[in-house]
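Please open the model in a viewer and keep the selection panel at hand. The stops below go from one selection to the next, with a note on what each one shows.

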Amino acid sequence: MDNTIETRCPYYKKCGGCQMQNLTYRQQLSQKQVRIIKLLGHYCHVEEIIGMENPYHYRCKVQAAFGRNHKGETVSGIYQSSTHKIVPVDSCMIEDERADEIIVCIRKLLKSFKLKPFDENNYTGFLRHVLIKKGYFSKQIMVVLVTGTVEFPQKRAFVNALLSRYPDITTVIQNINNSRTSLVLGERSIVLYGTGKIIDQLCGYNFRISPSSFYQVNPVQAAVLYKTAMDFAGLTNTERVIDAYCGTGTIGIIAADRCKEVIGVELNADAIRDARENAKNNGTHNIKFINADAGELMEEMAAEKESADCVIMDPPRAGASLKFLRSLVKLSPDKVIYISCNPDTLARDLHFLSHNGYWIEKIQPVDMFPHTSHVETVVLMTKR
Ligand code: SAH
């Protein structure tokens, strides 16, 4: 495991994305461990955080903003933390290296094609962001050019120039976003090359990745995370499982081979479409996906006196809603597996569940985002 700080990034102070880069990787892991022990250690023993063997270039989803510097030159890079100021970055320590190379190439192509970067002050110009998603195991690459206009002069020549330099690009998509928003993607996408999707393998299953649906950005650690969740669930082919906040159905599809049936619930309609496709492509028949608010579905299920043996929940940073937690308690599954990307909301939700009939039995932190202050945690709860 890396124990040096020589690799410190030249953009560290300006960018603000990697808050822990002034520490060795070991120190980072131990700080994260201490944080989880402080927050949750009174419930039970906290297992040692699982770090990465090679904690660099792990991000398979890379996004760059395009704009101009004070000299009027086109720049691409990362928004400085909580601002819209672009820190020009050509190579980031945590991003996939091939993705970074492609972004630099696109910036050079802009110049030769006389295309302008987008200007957020007056909403003119062309290229606003580039989003790249790469299949870690499949090596498939998706390039999304987010543009302020639908018009894309010399579109075909531009895409061909990019493909001739990077023949490993699997698909190229133009996404149009000309609204005043801090979201990267707009609503309309036009596929310029390939199928508009890529496939990656995780835990022995194939998963389809589209521009807007959620897919874990660190696939190496995602596999560790999912394996931990499955170990905690200890499924025996007989259970009814709910995969709440299921995204593209990854966890539910893995669980389906180990239980009787799975119900996946997710708010994002694109993710649900991918989830259904993923189930089909993996030959998983004992799973059904519902496009709804997880809290609402759980409430309905509780009202209809339906049952579930195990609930696996993986909410966004805000944690679960009170509606969700209350219905979870009503549904009263024997096991709850909580996968959390935010220890503070996890602590809040565990406080509720521990006062409403659940033992907290196991806590396993996983380092999904080396060099940043984020910590992912998997918790096993059983009914008292
Ligand atoms: N378990 C998945 C996705 C986890 S990310 C995986 O590992 O890939 C959290 C997901 O929760 C996102 O896909 C997001 O769209 C979804 N989400 C956010 N709020 C939600 C809500 N209220 N109800 C259902 N899903 C929600």
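Begin with helices H2 and H10 of this predicted model: H2 passes H10 in a right-handed crossing. To display the pair, select residues 25-40 for H2 and residues 343-354 for H10. The two helices pack at an angle of about 25°, and their axes lie 10 Å apart. Since angles under 35 degrees count as roughly parallel, H2 is roughly parallel to H10. Now show the side chains at the contact: H2 contributes Arg35, Ile36, Leu39 and Leu40, while H10 contributes Pro343, Asp344, Leu346, Ala347 and Leu350. Colouring the contact of H2 with H10 by class gives seven nonpolar residues, two charged residues and no polar ones.

The next stop is a second helix pair. Select residues 294-303 for helix H8 and residues 322-331 for helix H9. Their axes come within 8 Å and cross at roughly 30°, which makes H8 roughly parallel to H9. What is the handedness with which H8 passes H9? The crossing of H8 with H9 is left-handed. On the H8 side, the contact is made by Ala294, Gly295, Glu296, Met298, Glu299, Met301 and Ala302. On the H9 side, select Lys323, Phe324, Ser327, Leu328, Lys330 and Leu331. By class, the contact of H8 with H9 comprises seven nonpolar, two polar and four charged residues.

Turn now to the sheet. Seven strands form an open sheet with mixed pairing, and their order is S3-S2-S1-S4-S5-S6-S7. Which strands lie at the edges? Select 86-88 for strand S3 and 188-193 for strand S7; each of these edge strands pairs on one side only. From one strand to the next, the twist averages 35°.

Stay at the S7 edge and add strand S6, residues 169-176. S6 and S7 run antiparallel and are joined by five bridges. To locate one bridge pair, label Ile173 and its partner in S7, Val191. Then add helix H4, residues 155-165, which packs on the sheet. H4 touches strand S5 (141-147), S6 and S7, and its direction makes about 145° with that of S6.

Another strand pair comes next. Select strand S10, residues 240-244, together with S11. These strands run parallel, and five bridges join them. Val241 stands opposite Val262 in S11. Is S11, residues 261-266, largely enclosed or exposed? Five of its six residues are buried, so S11 is largely enclosed by the rest of the structure; buried here means under 20% relative accessible area.

The last stop is the loop between helix H3 (97-112) and strand S4 (127-134), where Lys114 is found. Lys114 has phi near 55°, a positive value in a residue other than glycine. With a relative accessible area of 73%, Lys114 is exposed. Tyr123 is also found in the loop between H3 and S4. Phi of Tyr123 is likewise near 55°, again a positive value in a residue other than glycine. Tyr123 counts as partly exposed, at 22% relative accessibility.

Technical notes:
Residues numbered from 1 in each chain as written. Predicted model: local features only at pLDDT ≥ 70, side-chain atom pairs only at ≥ 80, totals over all residues. Heavy atoms only, no water. Axes fitted to C-alpha atoms, helices over the stretch in contact; angles between N-to-C directions. Helix = DSSP H or I, 4+ residues; strand = E, 2+ residues; numbered from the N terminus. Parallel < 35°, antiparallel > 145°, perpendicular 65-115°, else oblique. Left-handed = near helix turned anticlockwise from the far one by under 90°. Contact = heavy atoms within 4.5 Å. Nonpolar A, V, L, I, M, F, W, Y, C, P; charged D, E, K, R; others polar. Pairing = 2+ DSSP bridges. Buried < 20%, exposed > 50% of the residue type's maximum accessible area, 1.4 Å probe, protein only.
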